[in-house]
Amino acid sequence: MPKDRNQKLKILYIARLLLEETDEEHTLTTDEIIGRLAEYGITAECKSIYSDIEALTRFGLDIICKRGRSGGYCIVSRSFELPELKLLVDAVQSSRFITQKKSEQLVKKLGGLASRYQAVRFGSGVYVPNRIRSMNESIYYNIDEIHAAIVADRQISFDYFEYNVKKEKVYRHGGERYHVSPYSLMWNEEKYYLIAFDGRQGTVKHFRVDKMERISPEREHREGDQVLEALDLATYSSTLFGMFGGESSVVTLRVRNELAGVMIDRFGYEVPMREQGDGSFLMEVPVELSPQFYGWLLGFGAEVELISPAPAREEYRRLLLSVLRQYPACQMKEEN
């Protein structure tokens, strides 16, 4: 690039130097700025540096001049403060749906919003034991395609797969593409899900975004507006366990008082609780009856009892018996 053209970019280079090289603990003097500009083939005098920094301050950069032995110019506030950036970095590094490669790229980009000295602090990250990363790099593009279809009020089609025991992709419906009306994206248990209306069956369904492939917008407008607009996503997500669907039902649970907080965390603060005077309370909650719901229930042992409806109670009893049969009582041989 010719020298005179570089000269026209002087004020932009000064802004970049201050953003990348300074913070409240690190400054650049006028002489240091002049020296760094010279590396780009830009000549400058002290007077022009003062003028450019004044213009950048009027533009909105929070630049101050520190006095004293270690004085100089520095940026003291940014769009994101360091604790905010650290929070975002931790969220990226701990997320399971983000691949390792994409996680490193995003952290590097977030580091660009801080000084290079601050960005070094992002390296340690947050420790998540036994974290399993997503293998699907296309999830970011899937999310973008879904958002675009929602904004354009268009249906979408896609392939949906699971993995078999050989770790091979097996496409559902024999490879036939799904056609749905996208409504919203939901973040649940460290995974993204698409909430959509299936016009063929007239029901609301959800799909793992990282298991969707070849998403394509369709010409047809979205269907199921009345159903989707009446859908309370908070209530909908609380009825699902592990995001597995099943038969919708209102169940009555008898719960020990010590688990009140656990139930509020699961079903929300407004859930009715009727104390029984024996150290327990009754609660009625809407759920999707599925093996995952019964597994969640089993985790509480005798602390939570499924009272009704009777068919669900019977189904749970059969499940418990089938599990128990896998662990027959055995006699211990006495050692001589």
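Buried means under 20% relative accessible area, exposed means over 50%, and partly exposed is whatever falls in between. Keep that in mind for the close-ups below, which all come from a predicted model.

**View 1. L88 and its neighbours form a nonpolar patch on the surface.**
Start with L88, which sits in helix α5, residues 82-94. Is L88 buried, exposed or partly exposed? Its relative accessibility is 35%, so L88 counts as partly exposed. Together with F80 and L113, L88 makes a nonpolar surface patch of about 230 Å².

**View 2. Here are C65 and C74, two cysteines without a disulfide between them.**
A disulfide is a covalent bond between the sulfur atoms of two cysteines. To count as one here, the two sulfurs have to be within 2.5 Å. So why don't C65 and C74 make a bond? Because the sulfur of C65 is 8.5 Å from its closest cysteine sulfur, the one in C74, and that's too far. Looking from the other end, the closest cysteine sulfur to that of C74 is in C65, again 8.5 Å away. The total for the model comes to 0 disulfides. The surroundings of these cysteines are worth a look too: C65 is partly exposed, at 33% relative accessibility, while C74 is buried, with a relative accessible area of 0%.

**View 3. T30 is tucked away in helix α3.**
Helix α3 covers residues 30-39, and T30 is part of it. With a relative accessibility of 12%, T30 counts as buried. Which residues does T30 touch, if you skip those up to four places away in sequence? The answer is C46, I49, Y50 and Y73.

**View 4. Helix α3 has a buried side and another side with exposed residues.**
Zoom out from T30 and you can pick out the buried residues of α3: T30, I33, I34 and L37. They cover an arc of only 100° around the axis, so they lie on the same side of α3. The spacing makes sense once you know how a helix winds. An α-helix has 3.6 residues a turn, so residues three or four places apart point the same way. What covers the buried residues of α3? Among the elements doing this are α2 (10-21), α4 (46-59) and β2 (72-77). Now check the other side of α3, where D31 and E39 are exposed.

**View 5. G41 comes after helix α3.**
Follow the chain past α3 and you'll meet G41, whose phi is positive, near 75°.

Methods. Residues are numbered from 1 along each chain as its sequence is written. This is a predicted model: local features need pLDDT of at least 70, side-chain atom pairs count only at pLDDT 80 or more; totals for chains, interfaces and linings use all residues. Side-chain values use heavy atoms; hydrogens and water are left out. Buried means under 20% relative accessible area, exposed over 50%, partly exposed in between (1.4 Å probe, protein chains only). Patches are made of residues with over 30% relative accessible area and no salt bridge: like charges are joined within 9 Å, nonpolar side chains (Val, Leu, Ile, Met, Phe, Trp, Tyr) within 5 Å. Accessible areas come from the Shrake-Rupley method with a 1.4 Å probe; for residues, only the protein chains shown count as cover. A salt bridge is a side-chain nitrogen of Lys or Arg within 4 Å of a carboxyl oxygen of Asp or Glu. Helices (H or I, at least four residues) and strands (E, at least two) are DSSP runs, numbered from the N terminus. Contact means heavy atoms within 4.5 Å. The arc is that of the directions from the helix axis to the C-beta atoms.
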